[in-house]
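Reader: I would like a close look at the charged side chains in this model, and in particular at how the acidic and basic residues are placed. Could you take me through them in one connected account?

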Amino acid sequence: MPTLVMWGDRDRVLPKEQAENAVKRLQHGQLALIPDCGHLPQVERPELFVAALAEFLGKVVYQN
């Protein structure tokens, strides 16, 4: 199952290394690291969050 992990590159609650490790364990994982963002990318950088999600969904939908 394709899986997108979204993470703020300045997350102080859960460091980005945790996201990188999680994606490595996923067979079809992809990481969207949102720049200048903390723990809530959907709130802090909604334009980048939506863009990353749209790109991921576009790839998933058109590949299958």
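Author: What follows goes through the salt bridges one by one and then turns to an acidic residue without one. Please keep in mind throughout that this is a predicted model.

The count of salt bridges comes to three. In one of them, the side chains of Asp-36 and Arg-10 meet with an N to O distance of 3.0 Å. Asp-36 lies in the loop between strand 2 and helix 2, while Arg-10 lies in the loop between strand 1 and helix 1, so this pair ties together parts that are 26 residues apart in sequence. Arg-10 counts as exposed because its relative accessible area, 53%, is over the 50% cut-off, whereas Asp-36, at 46% relative accessibility, is partly exposed. The backbone of Asp-36 also deserves a look, for this residue has a positive phi of about 50° although it is not a glycine. As background, most residues other than glycine have a negative phi.

Another salt bridge joins Arg-45 to Glu-47, with the closest N and O atoms 3.1 Å apart. Arg-45 is partly exposed, with a relative accessible area of 22%, and Glu-47 is likewise partly exposed, with a value of 46%.

The remaining pair to describe is Lys-59 with Glu-55, where the closest N and O atoms are 3.2 Å apart. Both of these residues lie in helix 3, four residues apart, which is about one turn of the helix. Lys-59 counts as partly exposed at 36% relative accessibility, and Glu-55 counts as partly exposed at 45%.

Helix 3, which covers residues 46–63, also holds Tyr-62, and Tyr-62 is exposed, with a relative accessible area of 73%. Together with Leu-53, Leu-57 and Val-61, Tyr-62 makes a nonpolar surface patch of about 440 Å².

Asp-11 presents another situation, since this residue is buried yet has no salt bridge. The nearest side chain of opposite charge belongs to Arg-12 and is 7.9 Å away, so the pair does not meet the requirement of a nitrogen within 4 Å of a carboxyl oxygen. Asp-11 is placed in the loop between strand 1 (3–8) and helix 1 (16–25), and its side chain reaches the backbone nitrogen of Val-13 at 2.7 Å. Leaving aside residues up to four places away in sequence, Asp-11 touches Cys-37, Gly-38 and His-39.

Terms used. Residues numbered from 1 in each chain as written. Predicted model: local features only at pLDDT ≥ 70, side-chain atom pairs only at ≥ 80, totals over all residues. Heavy atoms only, no water. Helix = DSSP H or I, 4+ residues; strand = E, 2+ residues; numbered from the N terminus. Buried < 20%, exposed > 50% of the residue type's maximum accessible area, 1.4 Å probe, protein only. Lys, Arg positive; Asp, Glu negative; His and termini not counted. Polar contact = N/O pair within 3.5 Å; in protein donor to acceptor, adjacent residues only side chain to side chain. Contact = heavy atoms within 4.5 Å. Patch = residues over 30% accessible without salt bridge, like charges linked within 9 Å, V, L, I, M, F, W, Y side chains within 5 Å. Areas by Shrake-Rupley, 256 points an atom, 1.4 Å probe, with all protein chains shown as cover.
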